[in-house]
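User: Please take a close look at one loop residue in this model and its backbone. Then follow the chain outward from there, through the ligand site and the neighbouring elements, in one connected account.

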Amino acid sequence: MSADPGVRRVTPLAHKLAERIRVHGPISVSEYMSACLWDEATGYYATRQAIGASGDFITAAEISQIFGEMLGLWTGVVWQQVLGGPQSITLVEYGPGRGTMMRDVLRAARVVPGFAQAVRVHLVEASQVLQSAQRDTLSQAGVPITWGHNLIGFPAPAIILANEFLDAWPVDQWVKTSDGWRQRGVGLDAGGKLTFCVRNMSETTGTLDRLYPQAAVGAVVESQRPERFAEALGALARSGPFAALIIDYGYATASAGDTLQAVREHKYEDPLASPGEADISAHVSFFELASVLHAGGLAIDGPITQAEFLGNLGIIERTSRLMHANPNRAGEIETGVARLLAPNGMGTRFKVIGVRAQGVPSLPGFAHAEA
Ligand code: SAH
């Protein structure tokens with residue numbers, strides 16, 4: 001799984017970015033990441049079917065149906081007990097991928113009486129390729145579904161689910177130099193190939209000095225600047241009650257250094273190796289995210305690990321019932337769930353937070369870890 005740092009493939013986007021840098025100078029890491037994911041003609045999500053065994057990476061919902069089912073039961077309980085069973089509820093998913101998780105969520109949530117009649121689904125998806133996959137997967141869902149591109153713009157009360165969505169949120173990076181903190185950028189080396197560089201922009205506020213007083217020269221820190229995300233959820237909270245569940249790989253500290261990563265055909269590679277042809281992402285700082293959401297007037301549950309969260313929801317009991325009912329698939333079911341809970345894998349690398357409008361009671365699944 002190691003990345004070969006020297007490789008630079010001249011993809012169509014690499015060519016386009018090199019032209020841009022030659023004329024305008026180095027771009028920021030977040031500009032690089034946005035172009036890689038969303039450039040209209042050559043961006044990764046804009047053009048590809050990324051997820052699944054034949055794509056570049058696989059996610060929890062694609063590993064085991066139980067993942068989406070647990071979130072479906074959570075959704076049903078939040079609707080009924082936390083929000084008081086309103087007659088109409090918008091169930092939103094940010095970045096639904098192939099629609100697999102939403103299909104499993106809806107199947108499981110149906111057991112809660114009245115939920116299926118109340119629910120309207122709204123999917124926030126920027127990729128046309130994935131939107132059409134979602135239409136196929138959800139063609140039998142039997143509930144109204146709409147699509148949109150914005151984080152808000154649907155009616156409250158709402159329940160929002162987001163798995164592996166925020167890791168695609170572009171990060172900026174700063175590097176400590178002998179002259180203080182500077183923004184890290186993507187420029188060109190003497191041979192005209194993409195390379196990381198230091199941009200001629202200093203961090204003037206001194207925030208980084210205060211946050212990382214011990215940082216050595218060469219240290220890299222990053223920020224997703226989740227303010228826009230917090231503003232959107234803040235605006236939603238002003239329109240009515242909502243609860244959101246955010247799951248992603250990440251850490252609970254302010255920064256964990258350079259976490260920018262690229263994955264192509266299930267292998268890690270250098271983030272500059274194949275612009276537009278690899279999935280590029282960064283680990284989510286749940287500390288930064290929770291602080292910014294909290295400052296925006298929202299209430300937070302967690303973060304806790306995925307293993308704790310799914311454990312609190314009773315995944316072990318549900319798995320053994322499902323194995324019992326499907327003895328032919330028992331091995332496959334057990335392997336999938338073991339992967340979701342793996343102590344040195346997804347179980348701890350993935351963290352979960354709940355976000356809610358003020359006045360909405362704390363969310364199920366976070367019993368021992370309220371912030
Ligand atoms: N949640 C899915 C897919 C994760 S991949 C799963 O767990 O399998 C990330 C998803 O988020 C893709 O569907 C991608 O197209 C979408 N996405 C990423 N950034 C987005 C943005 N800014 N706006 C809308 N959709 C976005």
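Analyst: E164 is found in the loop between strands β5 and β6, the latter spanning residues 172–177. The model is a predicted one. The backbone of E164 has a positive phi of about 55°, although E164 is not a glycine. E164 counts as buried because its relative accessible area is 13%, and the cut-off for buried is under 20%.

Strand β5 covers residues 158–163. On the other side of this strand, P157 sits in the loop that joins β4 (145–148) to β5. The peptide bond leading from A156 into P157 is cis, its omega being near 0°. A second cis bond links G302 to P303, here with omega near 5°. P303, however, is placed within a strand, namely β15, which runs over residues 299–305.

Back at β5, N163 leads to the ligand. A polar backbone atom of N163 is 2.7 Å from a nitrogen atom of the ligand. Of the ligand's accessible area when taken alone, 570 Å², the protein buries 92%. N163 belongs to a shell of 18 residues around the ligand, and it is listed among the closest of them along with T59, G95, G97 and E125. Two of these residues have contacts with ligand oxygen. For T59 the side chain supplies an N or O atom, which lies 2.5 Å from an oxygen atom of the ligand. For G97 the backbone supplies the N or O atom, and the separation from a ligand oxygen is 3.0 Å. Sorted by class, the shell consists of 10 nonpolar residues, five polar ones and three charged ones. The space that the ligand takes up is the largest pocket.

From G97 the chain goes on to helix α6, which spans residues 100–109. This helix is mostly covered, with eight of its 10 residues buried. The buried set is T100, M101, M102, D104, V105, L106, A108 and A109.

Past the loop that holds E164, the chain enters β6, where T177 is located. T177 counts as buried because its relative accessibility is 17%. Its side chain reaches the backbone oxygen of G180 at 2.7 Å. Strand β7 comprises residues 180–188 and includes Q183. Q183 is also buried, with a relative accessible area of 6%. A polar contact of 2.7 Å connects the side chain of Q183 with that of R199.

D189 lies in the loop that connects β7 to β8, a strand of residues 194–202. At 35% relative accessibility, D189 is partly exposed. The side chain of D189 comes to 2.9 Å from the backbone nitrogen of G191.

Further along is strand β9, which covers residues 220–223 and contains V220. With a relative accessible area of 16%, V220 is buried. Its C-alpha atom is 20 Å from that of A273, and the two residues are 53 apart in sequence.

The loop between β9 and α10 (227–239) holds R225. Here the backbone feature described for E164 returns: R225 is not a glycine, yet its phi is positive, at about 45°. The surroundings of the two residues can be set side by side. R225 is partly exposed, with a relative accessible area of 41%, whereas E164 is buried.

Helix α10 contains A235. This residue counts as partly exposed because its relative accessibility is 27%. Between A235 and R210 there are 31 Å from C-alpha to C-alpha, and their separation along the chain is 25 residues.

To return to the residue at the start, E164 combines a positive phi with a buried position in the loop from β5 to β6.

Conventions
Residues are numbered from 1 along each chain as its sequence is written. This is a predicted model: local features need pLDDT of at least 70, side-chain atom pairs count only at pLDDT 80 or more; totals for chains, interfaces and linings use all residues. Side-chain values use heavy atoms; hydrogens and water are left out. A residue is near a molecule or strand if one of its heavy atoms lies within 4 Å of it. A polar contact is a pair of N or O atoms within 3.5 Å; within protein, one must be able to donate a hydrogen and the other to accept it, and residues adjacent in sequence count only if both atoms are side-chain atoms. Accessible areas come from the Shrake-Rupley method with a 1.4 Å probe; for residues, only the protein chains shown count as cover. On a 1 Å grid over the protein atoms alone, a cavity is a set of points where a 1.4 Å probe fits but cannot get out, and a pocket is an open set with protein on both sides within 12 Å along at least five of seven lines; lining residues have an atom within 4 Å of a point. A molecule sits in a cavity or pocket if more than half of its atoms lie within 2 Å of its grid points. Ala, Val, Leu, Ile, Met, Phe, Trp, Tyr, Cys and Pro count as nonpolar, Asp, Glu, Lys and Arg as charged, and the others, Gly among them, as polar. Helices (H or I, at least four residues) and strands (E, at least two) are DSSP runs, numbered from the N terminus. Buried means under 20% relative accessible area, exposed over 50%, partly exposed in between (1.4 Å probe, protein chains only).
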